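Hi,

Here is the structure I promised to pass on. Have a look at it first, and my notes follow underneath.

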Amino acid sequence: METVSENACFGGTQGVYTHASKSTGCDMTFAVFLPQEARDGPVPVVWYLSGLTCTHENAMTKAGAQAWAAEHGLALIFPDTSPRGDDVANDDAYDLGQGAGFYVNATQDPWAPHFQMYDYITKDLTELVFAEFPLDQSRQAITGHSMGGHGALTIAMKERGRFASVSAFSPICNPTASDWGKKQLGAYLGDDETNWVDHDATLLMLKDGFDGPILVDTGTKDQFIDLLMPESFAAAVSTKRQQAIIRYQPGYDHSYFFVSSFMEDHMNFHAEALYA
């Protein structure tokens, strides 16, 4: 691991780091915010997964999460959204390839050699950050925006027992039924749609649910709401009788103005679960 930068931030430290990833077969960049409490020992951690076209930097600089995390003594991890590099497959479209990993392990060419983002988040980066930083592995939560909201919900439901809570901003809720999902899952996982089920939050909710609280916010003016399909996830939550708060925020769109407006709520939500 190499340090790119470290800056004082709300009494703690905001750092950016690179490492050679076994999962993706290339160098990856990620960011970690450590509150001042981390100087005295391991602290709870919230993972933040970003959306299409983003890197680690978008949420780190735009979400305003550090201020609220610092109030609760929470660390934040901001991974990248895909493998990158000259030898990493890409596509001319913004919603496939580099910047659009969808948090799955690709099985199809040309994506399979590098696009192993599920393993990168849940294994490779996890092993690294808990070895290198004072983080409490027994107290983890996860959140994300858009494609990252999809990742947060699906990873939380698949990695049972790992996360105390999960939240999402404008998540892609039903990708197997949406043009934000069918294209990417078909490219990365192949045409057999039975292989897509484990990466659809709505279907996972109906199948397994989540053993903790869920918070989801979506703006009523979100320009992509028909692709996000929050109503499908809400229906699945109701059918499963899952503990969850599903909110539609009047007038808000898909931007980081929306994310930052409700970040305090989400950090408070995770702090309550992590300190229970």
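Let me start with one residue: Val216 is buried, at a relative accessible area of 2%. (Buried means under 20% relative accessible area, exposed over 50%, and partly exposed in between, with a 1.4 Å probe and protein chains only.) Val216 sits in strand 8, residues 214-219; helices (H or I, at least four residues) and strands (E, at least two) are DSSP runs, numbered from the N terminus.

Before I go on, the ground rules. This is a predicted model, so to speak with its own filters: local features need pLDDT of at least 70, side-chain atom pairs count only at pLDDT 80 or more, and totals for chains, interfaces and linings use all residues. Residues are numbered from 1 along each chain as its sequence is written, and side-chain values use heavy atoms, with hydrogens and water left out.

Back to Val216. Leaving aside neighbours within four places in sequence, Val216 is in contact (heavy atoms within 4.5 Å) with Leu153, Ala168, Pro171, Phe233, Ile245, Ile246 and Arg247. Its C-alpha atom is 21 Å from that of Thr53, which is 163 residues away along the chain.

Phe233 turns up in that list, and Phe233 has contacts of its own: with the same neighbours within four places left out, they are Leu153, Met157, Cys173, Ala201, Thr202, Met205, Ile214, Val216 and Ile246. Phe233 is also, with Trp47, Leu135 and Tyr188, one of the residues with the most contacts inside the largest nonpolar core, which has 62 residues. (A nonpolar core is a set of buried Ala, Val, Leu, Ile, Met, Phe, Trp, Tyr and Cys residues joined through side-chain atoms within 4.5 Å.) The biggest contribution to this core, eight residues, comes from helix 3, residues 117-132. Another core lies apart from it, with 25 residues that include Phe33, Tyr48, Ala59 and Phe78.

Helix 3 is also where you will find Leu125, which is buried with a relative accessible area of 0%. Beyond the neighbours within four places in sequence, Leu125 is in contact with His19, Phe30, Trp47, Ile77, Pro79 and Tyr120. His19 is 106 residues away along the chain, yet the two C-alpha atoms are separated by 9.1 Å.

A few backbone oddities to check by eye:

- The Asp109 to Pro110 peptide bond is cis, with omega near 0°; Pro110 lies in the loop between strand 5 (75-78) and helix 3.
- Phe10 is not a glycine but has a positive phi of about 50°. Phe10 is in the loop between strand 1 (2-9) and strand 2 (12-20), and counts as exposed at 55% relative accessibility.
- Ser170 has a positive phi too, near 45°. Ser170 is in the loop between strand 7 (163-169) and helix 5 (182-189), but counts as buried at 0% relative accessibility.

As for the whole chain, the secondary structure comes to nine helices and nine strands. The radius of gyration is 17 Å, close to the 19 Å that the globule rule gives for 276 residues, so the protein is as compact as a globular protein of that length. (That radius is taken over C-alpha atoms, and the rule is 2.2 Å times the number of residues to the power 0.38.) Of the 276 residues, 59% count as buried. Among contacts between residues at least 6 apart in sequence, 72% join residues at least 24 apart.

Cheers
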